[in-house]
There are 2 protein chains.
Amino acid sequence: MGRTSNADERLMTAALDLMWEESYGAVSIDDICQRAGVKKGSFYYFYESKSALAVAALERMSQEQRAIWDEQFSPATPPLDRIRARCEFTYKKQTDLKAKHGKVLGCPLCSVGSEICNQDEQIRDKIREICTRSIKYWESAIRDAQTEGLIGPGDPAAKARCVFAYYEGLITQARIYNDAEMLRDLGSMVLAHLHAKEPQAVVA
Amino acid sequence: MGRTSNADERLMTAALDLMWEESYGAVSIDDICQRAGVKKGSFYYFYESKSALAVAALERMSQEQRAIWDEQFSPATPPLDRIRARCEFTYKKQTDLKAKHGKVLGCPLCSVGSEICNQDEQIRDKIREICTRSIKYWESAIRDAQTEGLIGPGDPAAKARCVFAYYEGLITQARIYNDAEMLRDLGSMVLAHLHAKEPQAVVA
DNA sequence: CTTGAAATAGACCGAACAGTAAACTAACTG
DNA sequence: CAGTTAGTTTACTGTTCGGTCTATTTCAAG
């Protein structure tokens, strides 16, 4: 009944893209509407605020990425290979984004999260939720690696939080310095961080 | 000749505080003027824009911190102790900031840098400059530690960038999760990252 | 004490902003 | 095809924003 629309999805796409490229605060509702090809009236028909749209857009992104994460961190894959796969994917993705936008965009969880965590509770909570969810992938890989004796002992959850901080920290540096090549050896760097025995044990 | 004023310094203080607490984009010139007790006319007498003020405020902060860095990373101190001192200082500072503001504020270089690096070239360049400068402290400590055989070989500059990314990444996580206790063992975590032989080799 | 430079005050402007209201259009449903 | 519902459009509001302008105040040097 009634006419159909995908304006809500176009708005999510536009909002995520814009706040990823620039920042949450630098993007106005008018900007989002313009990029999405949606009029302001329709915006408020679907979302009550920019904040609500951001929450929806982040959750959608998280769900879209889920299959990729599940594949990369498949228990059928040797645990350290999972980490390497994730890191190589990230390097490739940041490289592609730079080719497309001329800028390294980094990770919106980190850039937007750090920007709004003291301003907007809804977005902050959603980002925390997504981060916590993704740390579970790292944690599981670390636990499996420990079981196989590939890395040393110690609380896998704590190690996962550290690896996540390192991983996101490097991506953030790549954004600030606009240099995707800082992520070329991301896999080796992360595995070295975990004290994993490595073919090349060079890069710190 | 003419009257004197410290309004320019009050503006720098207010601007840094506000964009540290919230974000660059969330703070208006009016907000800064109000907190500084300065009228808009005076603002534009001293600075040509919010961006110019931010650059000045960041540079001033960097200069004010310089003595602290020089002391913590004094070549008279054993290299790994320098790193530990810096990390303990950071933990204490973030704890104090949380007690004062009710929120973990993290590091403005990272939060503001990640926010505006694709928007404002002046601020971005200033932040890169300050980051690059502070990485030199880490690099020198790492090189000295290598000389003393405390950590393994490998390009000290690259290692320093990694440590910096890890250090800032952990601080960013503490901001997002509003949990200063994530930084309690910052020193041990950073030293473990560097594969330094440690009294307690537990935390990853 | 005078004079002029340094600094302040605050009114003002236009643009951009978030948000509203109501008329209008398209499509499915019976 | 008539009615209903979902979605769209546009014009409009009041506010906040960045930025300007000019009159005024303060102070220190001559």
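**Exercise 1. Describe how helices α6 and α7 of chain A pack against each other in this predicted model.**

Step 1, geometry: the axes of α6 (residues 108-116) and α7 (residues 121-147) of chain A approach within 9 Å and cross at roughly 145°, where axes are lines fitted to C-alpha atoms, for helices over the stretch in contact, and angles run from 0 to 180 degrees between N-to-C directions. Helices (H or I, at least four residues) are DSSP runs numbered from the N terminus.

Step 2, residues: α6(A) contributes Leu109(A), Val112(A), Gly113(A) and Ile116(A), while α7(A) contributes Ile123(A), Arg124(A), Ile127(A), Ile130(A) and Cys131(A); two residues are in contact if their C-beta atoms, placed from the backbone, lie within 7 Å.

Step 3, character: this contact of α6(A) with α7(A) has seven nonpolar, one polar and one charged residues, with Ala, Val, Leu, Ile, Met, Phe, Trp, Tyr, Cys and Pro counted as nonpolar, Asp, Glu, Lys and Arg as charged, and the others, Gly among them, as polar.

The model is a prediction in which local features need pLDDT of at least 70 and side-chain atom pairs count only at pLDDT 80 or more, whereas totals for chains, interfaces and linings use all residues. Residues are numbered from 1 along each chain as its sequence is written, and chains are lettered from A and ligands numbered from 1 in the order in which they are written.

**Exercise 2. Determine how chain B is related to chain A, and which elements of chain B touch chain A.**

Step 1, superposition: a turn of 180° with a shift of 0.0 Å along the axis lays chain B on chain A with an RMSD of 0.1 Å, by least squares on the C-alpha atoms of residues with pLDDT of at least 70 in both. The two copies are therefore related as by a two-fold rotation axis.

Step 2, contact: 38 residues of chain B are in contact with 38 residues of chain A. On the side of chain B, two or more residues come from each of α6 (108-116), α7 (121-147), α8 (156-176) and α9 (186-193), and α8(B) gives the most, with 12 residues.

Step 3, character: that side of chain B divides into 16 nonpolar, 14 polar and eight charged residues.

**Exercise 3. Characterise the surface near DNA strand C.**

Step 1, residues: 23 residues surround DNA strand C, the closest being Ser28(A), Gly41(A), Gly2(B), Ser5(B) and Gly41(B); a residue is near the strand if its C-beta atom, placed from the backbone, lies within 6 Å of it.

Step 2, elements: the largest share, four residues, comes from α3(B).

Step 3, character: the surface has six nonpolar, 10 polar and seven charged residues.
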